[in-house]
Structures are given as structure tokens and as C-alpha cells.
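Work through these exercises with the sequence and the model side by side. Try each task before you read its solution.

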Amino acid sequence: MSEILIVSSHTPYSGLQADDALDAALAASNVGLRVSVLFESHGVFQLLLGQQTDATVNQLTEKRIKALPMFDIEDIYYCKQSADQLLPEESALSTIAKPLVNQTDIERLIDAHQHVLRF
Amino acid sequence: MKSFSLFVSSPPTLSHQCADALLFAKQVIQSGHQLRQVFFYSEAVTIAMTQHQANNSTFNLHKEWKEFAEEQALILKVCVTASLKRGVLGSHEAEYADQVSNLSTPFEQVGMADYFAVLKDEPDTISVQF
Amino acid sequence: MSNVLEFNGKQINVDKAGYLLNSDDWSPELAELIAAKNEIELTDERWEVVNFVREFYIEYDTSPAIRALVKAMSNKYGPERGNSRYLYRLFPKGPAKQATLIAGLPKPAKCL
């Protein structure tokens, strides 16, 4: 089965990139592709818990990420180095995403997929 | 002969990527490979807007893509969800919203499923993102 | 873009397909009206799906597409109701489309 890795590298609520990445993941899964998602660089901010909306936000990224398994997407990862560098210490992160600790783990993840899309 | 699926998602006015995508597309054809599909997403959907104006001496990305696609009898797929958010409307969407359409052939609004279905059904296609 | 639904002396704004423009306008009584306009009788079974779709939206900020709807229904109610045959029997024109319409939710994303 063809596999696709969606890499999400932008903060949520700072433009459409985070939403575009999630939309792509859902659409790919919906046609039967096996989809993995990696949050890296500033994308790790999407995993912070306790997000709240204001009138400028249509959808809470936190909730959309929680919905991924409903759309058959369960291979969800984040780059631990990015999280350590960019997020405040002791940040509560969505447990849906598993940490990848080494650069080689990330390289292996990329190698394991036929297609990669980066947002 | 290889099959290529192009995914164009870079902001057209912030880098050379969308022009590079066109150069790559032309190279695929010239090298005797198959350009299986071209799909525009994120900010790149604005390339489809009919009203792009440039004086004659300026490279016009919309016009260049349009002419290339017409030569190749290729449909340029534009993600409908990404388009709507950015004010790009084909005739069907324009009618629904009581707006004027600003997207026409060879550009065509499709769901993202269209792009991914090819990846699923044709495991040999090589996807390249710009 | 704006059409209007007359309801209890109020003018409710909807889009061309009949989706509410403001989800705060929704009420169970309005749901009955929308269903009637679409020639659907809201039985208990159909109400269960409509309410379920509203819960899904509250939890995930997303209107479910059919696959997600089937999976989520199956998780909660088991495979007897969590399957597309059951859902299509209740909403022949498309369960995700019709249930979200009656539930006052945003139209499901075109790309799904």
C-alpha cells in the first residue's frame, strides 16, 4: 500500500499552513492511503494542550489533531528536539503524538514512506 | 518512462518555486517521461486566477502555466478547499456563492482526493513537491 | 449567497444548499423544519445520528465525512449502527451530508 508522510512545521493560528497540512492528511487517508503525520520545527506548537479559540479562529487545531484517529490516522509523531528547543519546559503535549528522539529516527520515518508532503 | 505527479504548494510571489515547478514539468516532457498530474495547493492556488496582469516584458506565471498546459492538453488541478479560502472560484463555486468566477480552463477545481487517488491507484508515480 | 428560512417569525440565514450560516441559530425545532424541507422524517434513529454528529463536531471541530462517521458510530454504538448500510438506509442522499445539514453544522469539507 502506498504510504505518505505529512510533515507539519508551522505554528497553529499563524496562517493556513497548519490547517492545510491537516486537510491534506485527512484527504489522503480518505482515499485509502496509509498516512503518517510528523510535527517538527514550529509544528510542535500544534500539540500544546489547552488551546482556546477566539472569534478569529474557525477550528481548534488541538481538536482536529484529536480527530485524526477517527480518520484512520494513528501514526503520529513529533520531533523531540524541536519540542525541547522551542516549547516552554514542562509543556503538556497531546499524547496522540509519539516523540522521535534522534535525527536518525526521523530519517528512518521519511525513508519508510513513498511520498512526503511538507507544510 | 517514469510517471511524475507534481504538487505545487509554495507561495508564488515569495520564491521561485512555482516557476521551478513549471521548468521541471517542461523537463519531464522533454525527457520523454509522463507528467501524470499537476496539482496546486496552499498559496499556489492563486496562480489559477484569470486576472493576472503583467506587462509584456514580464514573466507571467499564470500565462506560462496556462500555455504549457494547453500545449500538452493537460488539466491543471486546483484544490477546491484551498481555493475557496483564498478567493479563487471556478464557475460552479462562483454560482453557488453568487460571485464572479476567476478560474477557467486549463485550470480546474477538484477535491484533494483527486490528487491522492492517483498516488493510491498508481504506485509507480513519483510525487514531487514545489 | 444568502437565502432565508422562515422560522417562528424569524429569518434564518442559510446558504444555497440550506446549511445554516450561523450555527447558533440551531435548535431541535429548527432541525425538524430543515428535515421536513428535505423530505426526511426525524425518527428516533435519525435523531440519534443527528445528535451524534453534533457531539462529534463539538469534540473534533470538524464535520464528519462518511468514513469517520461510521467509525465513530461504531465505537459508540457497535457495528449494528456503525456501518454505512445502516446510515444510508436512514439518510439515502448521503448520511454525512444530510445529518450535518439537519444538525446545523458547517458543510463537510469538499475535499473529503
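Two strands pair if DSSP finds at least two bridges between them. Helices (H or I, at least four residues) and strands (E, at least two) are DSSP runs, numbered from the N terminus. The model is predicted: local features need pLDDT of at least 70, side-chain atom pairs count only at pLDDT 80 or more, and totals for chains, interfaces and linings use all residues. Residues are numbered from 1 along each chain as its sequence is written, while chains are lettered from A and ligands numbered from 1 in the order in which they are written.

**Exercise 1. Describe chain C, from its fold pattern to its hairpin.**

Step 1. Chain C has five helices and two strands. Along the sequence they follow β-β-α-α-α-α-α.

Step 2. Pair the strands. β1 (residues 3-7) and β2 (residues 10-14) of chain C are antiparallel, with five bridges. Leu5(C) lies opposite Ile12(C) of β2(C).

Step 3. Look at the turn. Two residues separate the strands of the β1(C)-β2(C) hairpin, and Asn8(C) has a positive phi near 50 degrees.

Step 4. Check the dimensions. The C-alpha trace of chain C spans about 40 × 30 × 20 Å along its principal axes. The radius of gyration is taken over C-alpha atoms, and the globule rule is 2.2 Å times the number of residues to the power 0.38. For 112 residues a compact globule would have a value near 13 Å; chain C has 14 Å, which agrees.

**Exercise 2. Lay out the sheet of chain A and place the helices on it.**

Step 1. The open sheet has five strands in the order β4-β3-β2-β1-β5 (chain A), with parallel pairing. β4 (98-100) and β5 (115-118) of chain A are at the edges with a single partner strand each, so one side of each has no neighbour in the sheet.

Step 2. Take the twist. Neighbouring strands of this sheet are turned by 25 degrees against each other on average, direction ignored. Axes are lines fitted to C-alpha atoms, for helices over the stretch in contact, and angles run from 0 to 180 degrees between N-to-C directions.

Step 3. Zoom in on one pair. β1 (residues 3-8) and β2 (residues 34-39) of chain A pair in the parallel sense over six bridges. Leu5(A) has Ser36(A) in β2(A) as its bridge partner.

Step 4. Add the helices. Two residues are in contact if their C-beta atoms, placed from the backbone, lie within 7 Å. α1(A) lies across β1, β2 and β5 of chain A, at about 165 degrees to β1(A). α4 (residues 103-111) of chain A lies across β1, β2, β3 (75-79), β4 and β5 of chain A, at about 110 degrees to β4(A).

**Exercise 3. Work out how α1(B) and α2(B) pack.**

Step 1. The axes of α1 (residues 17-30) and α2 (residues 61-72) of chain B come within 10 Å and cross at roughly 20 degrees. Angles under 35 degrees count as roughly parallel. The two helices, α1(B) and α2(B), are therefore roughly parallel to each other.

Step 2. List the contacts. Among the α1(B) residues are Leu22(B) and Ile29(B); α2(B) residues include Trp65(B) and Phe68(B).

**Exercise 4. Which elements build the side of chain B that touches chain A?**

Step 1. The contact takes 15 residues from chain B and 15 residues from chain A.

Step 2. On the chain B side, α3 (80-85), α5 (112-121) and β5 (126-129) each supply at least two residues. α5(B) gives the largest share, six residues.

Technical notes: Angles under 35 degrees count as roughly parallel, over 145 as roughly antiparallel, 65 to 115 as roughly perpendicular and the rest as oblique.
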